[in-house]
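Visitor: Hello! Could you walk me through this structure?
Guide: With pleasure; have a look, and then ask away.

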Amino acid sequence: MKIAIVVQRYGLDINGGAELHARYVAEHLSRHVEVEVLATCARNYITWANELPEGVEELNGVRVRRFPVSRQRAVKQFARRSVRVLEQTHSLADELAWLDSEGPTSPALIRHISQNHDRYDYFIFFSFRYYHSYHGIRTAASQSLLVPTAEREGAVGLSLFGPVFRAARALMYNSFEERAMIQAVSGNAEVPHVVVGIGSEVPETTRPGRFRQHYGIESPFVVYVGRIDENKGCKELFAYFQRYASAVSGNLMLVLIGHSILPIPDHPRIRHLGFVSDQDKFDAIAASEALIMPSYFESLSMVALEAWAMGKPVLANGRCDVLRGQCIRSNGGLYYENYREFRETLRLIESSRPLARALGDNGRAYYLRHYDWPVVERKYMDMLHQLQRADRAGCTVPGVEPLPGWRERRRVDCRPANDVVRDLPSGASVRTERRS
Amino acid sequence: MPSEFTVRSGSVDVEQIMGRIRARVREKRGVDYTEDEIRELADVKIEAFLDPTRVRSDLLEHYLKHHKAAEPGAAPSRGGLTGKLVAGVRLLLSPLLKLVGKLSSIRHALRELRLNFVLIHNLVVEITRLAIEVRNLKMRVESLSSRLDFNERRARALENVVQYRPGAVPGAVPARATGAPAPESRREPDQTEGQAKGEAQRRRRRRRRGRGDAGGTGRLPSESGGQDGVESAPGAAQQAPTPAAVPDRDTPDQ
């Protein structure tokens, strides 16, 4: 079996969530099947400038084929079109124009899929919202699996993605909440799917003492790992933690790891370490009391899974359905929806070591049960074999719905995408749902 | 099909813990308002009273400055043909200018009226706020003074109790009893009850004589309405000590 993994960016130094997810899956599936990665030459996710060489190279034993991006993103135009489709009643043509301006626009990649689809058994597309997934699935729907990596954000509510969600042969969801959201918005419950997520590359041993010594941190601390951005809930986290530090006696610190695009408060109990190596990151998590995930929108928090893999509890933003659901299902973390809950939960984790340990143990058990690499690989392989059996049995594939005509596409009758998302059912999916 | 997720694992139930945390938060807050509701209530409270950031301390100065600027100044005179021409035009337009001037003064008066209204409104709000504050402070002062009064009376009563309790602290010597015979509690074991009684009677007689020598009032202790040198405290009756602690008037330190 030969599969192609199609993703917007690919490289060892590219650490975006979906891109890293794609690389891990490619590397692990390459142990079972022949894998080729199809990606663009872009490295920067804002400009999509062609920075990586076009052509074929091999990374960690996986062949990567890169295609140029035809034009960089016009940021102002994209912002204007985003306002149009997310906040105003608009047409399908507006949405298609929005997709083009979002990028990475790579007709060469789509042409390759169109001309060479017979060379691959299946394509696994990562991130539903980009040009390559939309046009790629429309080009080779009968061979397409989609890993949506969808968060609860406006793009999910765009009407152009509904046919794509329904046309894919299978969907590999990151969480039950993501599945519930996409099924509600597109009505694709009949499409084969599995909630699979992703494993973590946690080292065998960590050295928390070395981390403390190296960075001169003696006090107990909670750690945040990721981009320090308002969209990730960091501004709220700073406000809450400063209030907590002034209200609750103790010496608990907040350690931040990652690039910051937000001013870090000058506070004696907040420490920003910037971008650190993977080893330092894991050592920091091992040395911490808990990991904090303040993000409102996550399709799957890889760093939360890493913390659980290392037996550490997680304190998550309860307004993110996915994180809340993960905490409840795993019994491995607490969550907050306002400052008072933040204070109580953090104080509980800080003061009750047995509870923190029990949460961490539960998290680790949950990780091993559902997100350990053998489990994840098996889920992917089971799905691929299931599709292969169906193909061999001659099952008919419905295919993708055709685009409406020129006039129809320009009819201004699509609801603002944000309104669509707002009306979707929300909340953590805590019921165990079994799909045969 | 791959394994499914189990909702419960281990002995820790996160939902239960969160339920307890929320209950605790509700208890502390009293009423189960959301953060947004609390913020809204806080905003309403601020709006109902005076917003200090919007009060302009230089309002009068600002107004006077504008008032001066608005006053029409004398038009500069020009000489020659142009000056005459301008004067002629002005003469022709003088009724219109007068009308405009009147309109302007009406507009000015209206503006002044509006300003006065704003000032009065602000003053009324401020006075109301101050009145409430004064009332609250008055109540607080009353409360504090009654508490102070009560504490004073209590302190006096307690002082008396301590003063008239020899032997309350074992081994302690009363402050004014230096050189006096040992109190009853420290009597020698072989001392009989009769001897102690006789000694007490002698002491009583000596004291009566001493009072007489010192120019006493001649009143009996029971008529004094209180202990010597101590005002009668109504609170003392309420703080009545137990029989064992009742002051013994026959002790030598009186």
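Visitor: What percentage of the 436 residues in chain A is buried?
Guide: Please keep in mind that this is a predicted model. A residue counts as buried if 20 or more other C-beta atoms lie within 10 Å of its own. Among the 436 residues of chain A, the buried share is 49%.

Visitor: How many helices and strands does chain A have?
Guide: Chain A contains both kinds of element. Its secondary structure comes to 17 helices and 14 strands.

Visitor: Which strands stand at the edges of the open sheet of six strands?
Guide: Let's read across the sheet: the order in chain A is β11-β10-β9-β12-β13-β14, with parallel pairing. An edge strand has a single partner, so one side of it is left without a neighbour in the sheet. In chain A, that describes β11 (270-274) and β14 (333-336).

Visitor: By how many degrees are neighbouring strands of this sheet turned against each other on average?
Guide: Here the direction of the strands is ignored. On average, the turn between neighbours in this sheet is 25 degrees.

Visitor: Which residue in β10(A) stands opposite A:Val223?
Guide: Strand β9 (residues 221-225) of chain A pairs with strand β10 (residues 253-257) of chain A in the parallel sense, over five bridges. Opposite A:Val223, in β10(A), you will find A:Val255.

Visitor: Which helix lies across β12, β13 and β14 of chain A?
Guide: The strands in question are β12 (290-293), β13 (314-317) and β14 of chain A. The helix that lies across them runs at about 145 degrees to β14(A), and covers residues 321-330 of chain A. That is helix α12.

Visitor: How many of the 10 residues of α12(A) are buried?
Guide: The buried residues include charged ones such as A:Asp321, A:Arg324 and A:Arg329, along with A:Val322, A:Leu323 and A:Ile328. This helix is largely enclosed by the rest of the structure, because its buried count is 10 of the 10.

Visitor: Which residue just after α12(A) takes a positive phi?
Guide: Most residues other than glycine have a negative phi. Just after α12(A), a phi of about 55 degrees is found, and the residue is A:Asn331.

Visitor: Are α9(A) and α13(A) parallel or oblique to each other?
Guide: Helix α9 (residues 234-247) and helix α13 (residues 339-351) of chain A have their axes 10 Å apart. They pack at an angle of about 60 degrees. The two helices α9(A) and α13(A) are therefore oblique.

Visitor: How many residues in the contact of α9(A) with α13(A) are charged?
Guide: From α9(A) come A:Tyr240, A:Arg243, A:Tyr244 and A:Ala247, and from α13(A) come A:Tyr339, A:Phe342, A:Arg343 and A:Leu346. Six residues of this contact are nonpolar and no residue is polar. The charged ones number two.

Visitor: Where in chain A is A:Ser127 found?
Guide: A:Ser127 has phi near 70 degrees, a positive value in a residue other than glycine. A:Ser127 is buried, with 24 other C-beta atoms within 10 Å. Its place in chain A is the loop between β5 (122-126) and α5 (131-139).

Visitor: Is the peptide bond from A:Gly103 to A:Pro104 cis or trans?
Guide: Most peptide bonds are trans. A:Pro104 sits in the loop between α3 (92-102) and α4 (107-116) of chain A. With omega near -10 degrees, the bond from A:Gly103 to A:Pro104 is cis.

How values were computed:
Residues numbered from 1 in each chain as written. Chains lettered and ligands numbered in written order. Predicted model: local features only at pLDDT ≥ 70, side-chain atom pairs only at ≥ 80, totals over all residues. Axes fitted to C-alpha atoms, helices over the stretch in contact; angles between N-to-C directions. Helix = DSSP H or I, 4+ residues; strand = E, 2+ residues; numbered from the N terminus. Parallel < 35°, antiparallel > 145°, perpendicular 65-115°, else oblique. Contact = placed C-beta atoms within 7 Å. Pairing = 2+ DSSP bridges. Buried ≥ 20, exposed ≤ 12 C-beta atoms within 10 Å, placed from the backbone.
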